[in-house]
Amino acid sequence: MSEQVDERNPTRHLSEEECWQRLREAPYGRVALAVAGEVDIFPVNHKIDGTSIVFRTAPGTKLLELTIRDHVAFQVDGFSEREAFSVVAKGSAREFDRQGEVAAAERLGIEPWAPEQKDRWVRIDVTELHGRWFERRAQ
């Protein structure tokens, strides 16, 4: 039995700046919340504002859960024919509605894909950020 040698470069950790760049470039991400022993994951369109992640939402499960327990994880990933990556941010999420903060968030240009009205704003203040990158096997 012969072992196949994998000549790809080893998986590497992304720098903090590389993680922020991948977050900025991703068209959407997933926010994960855990409440009462249950974990939910929601896809959201987002933008980066300094060292925080901002998204729009509607009243419902996601908004209710993050008001009960504000510690969340946010993940983006992507791939091409040659490479793949994953970035995870952790932090505290909060809804905001102060006029000045909403006006600044609106200038970020977040356009939700879903047709429902998304008139509530959430900010994730990132406290932990890490990512990985690796080469994909030739197809």
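The mean positions of the 20 positive and 25 negative charges of the chain lie 1 Å apart, where Lys and Arg count as positive and Asp and Glu as negative, with His and the chain ends not counted, and where each charge is placed at NZ of Lys, CZ of Arg, CG of Asp or CD of Glu. This is a predicted model, in which local features need pLDDT of at least 70 and side-chain atom pairs count only at pLDDT 80 or more, while totals for chains, interfaces and linings use all residues. Residues are numbered from 1 along each chain as its sequence is written, and side-chain values use heavy atoms, with hydrogens and water left out.

The chain has three helices and eight strands, taken as DSSP runs numbered from the N terminus (helices H or I, at least four residues; strands E, at least two), and from the N terminus on their order is β-α-β-β-β-β-α-β-β-α-β.

| Property of the chain | Value |
|---|---|
| Span of the C-alpha trace along its principal axes | about 65 × 35 × 30 Å |
| Buried share of the 139 residues (under 20% relative accessible area, 1.4 Å probe, protein chains only) | 35% |

The largest nonpolar core (buried Ala, Val, Leu, Ile, Met, Phe, Trp, Tyr and Cys residues joined through side-chain atoms within 4.5 Å) holds 25 residues, and Leu-23, Val-31, Ile-53, Phe-74, Val-76, Val-87 and Ile-124 touch the most other members. Elements that give two or more residues to this core include helix H1 (16-25), strand S2 (29-35) and strand S8 (120-135). A second, separate core of six residues includes Val-54, Ala-105, Ile-110 and Trp-121.

Leaving aside neighbours within four places in sequence, Ile-124 is in contact (heavy atoms within 4.5 Å) with residues including Val-31, Ile-53, Phe-55, Val-72 and Phe-74.

Conventions
Buried < 20%, exposed > 50% of the residue type's maximum accessible area, 1.4 Å probe, protein only.
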